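Notebook open, coffee ready. I want to write down what I look up in this model, one entry at a time.

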Amino acid sequence: MEFSAMLGSIGLCVGAIVAAAVIYFVVTAIKGKGAERKERAMLKQHRDQQGKRAQR
């Protein structure tokens, strides 16, 4: 195997690893935002319930 062909296949492997890492971080960020949104909604609902109890 020639040296340049070996470098080409190594480059493809590194490129695939980098692409997978980028996709992983994007998906993780999207999921994190969804969980944060749910948590905020639940906290708001809890505060609303506490407010209703305080008014009684």
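**Entry 1: what counts as a helix.** Before I place any residue, I need the term: a helix here is a DSSP run of H or I with at least four residues, numbered from the N terminus. With that settled, I looked up A29 and found it in helix α1. I should also note that I'm working with a predicted model.

**Entry 2: the overall build.** How many helices and strands are there in the protein? I got one helix and zero strands. The radius of gyration is 24 Å, well over the 10 Å that the globule rule gives for 56 residues, so the protein is more spread out than a compact globule. I also checked the box that the C-alpha atoms fill, and along the principal axes it is roughly 80 × 10 × 10 Å. Helix α1 covers residues 3-55.

**Entry 3: two distances along the chain.** I picked A29 and G51, which are 22 residues apart along the chain, and their C-alpha atoms are separated by 33 Å. Then I tried E39 and E2: they sit 37 residues apart in sequence, and C-alpha to C-alpha I get 56 Å in space. E39, like A29 before, has its place in helix α1.

**Entry 4: buried or not.** What share of the 56 residues is buried? The answer is 0%. I looked at single residues next. A29 has 41% relative accessibility, and because partly exposed runs between the 20% and 50% cut-offs, A29 counts as partly exposed. E39 comes out at 59%, so it counts as exposed. For the protein as a whole, the accessible surface comes to about 5400 Å², and 66% of it belongs to carbon and sulfur atoms.

**Entry 5: a nonpolar patch.** I went looking for nonpolar side chains on the surface. Which residues make the nonpolar surface patch? They are F3, M6, L7, I10, V14, V18, V22, V26 and I30, and the patch is about 840 Å². I zoomed in on V14, which lies in helix α1. V14 has 46% relative accessibility, so I wrote it down as partly exposed. Patch residues need over 30% relative accessible area, so V14 at 46% is above that cut-off.

**Entry 6: charges.** I counted 10 positive and 4 negative side chains in the protein. The centres of the two sets lie 17 Å apart.

**Entry 7: salt bridges.** A salt bridge here needs a side-chain nitrogen of Lys or Arg within 4 Å of a carboxyl oxygen of Asp or Glu. The count by this rule is two.

- E36 pairs with R40, and their closest N and O atoms are 2.7 Å apart. Why are these two about one helical turn from each other? Because they are four residues apart in helix α1. E36 is partly exposed at 42% relative accessible area, while R40 is exposed at 57%.
- D48 pairs with K44, with 3.3 Å from N to O. D48 and K44 are four residues apart in helix α1, so about one helical turn separates them. D48 has 38% relative accessibility and counts as partly exposed, while K44 is exposed at 53%.

**Entry 8: my recap.** I'm left with one helix and zero strands, 0% buried residues and two salt bridges.

Conventions
Residues numbered from 1 in each chain as written. Predicted model: local features only at pLDDT ≥ 70, side-chain atom pairs only at ≥ 80, totals over all residues. Heavy atoms only, no water. Patch = residues over 30% accessible without salt bridge, like charges linked within 9 Å, V, L, I, M, F, W, Y side chains within 5 Å. Areas by Shrake-Rupley, 256 points an atom, 1.4 Å probe, with all protein chains shown as cover. Buried < 20%, exposed > 50% of the residue type's maximum accessible area, 1.4 Å probe, protein only. Rg over C-alpha atoms; globule rule 2.2 N^0.38 Å. Lys, Arg positive; Asp, Glu negative; His and termini not counted. Charge placed at Lys NZ, Arg CZ, Asp CG, Glu CD.
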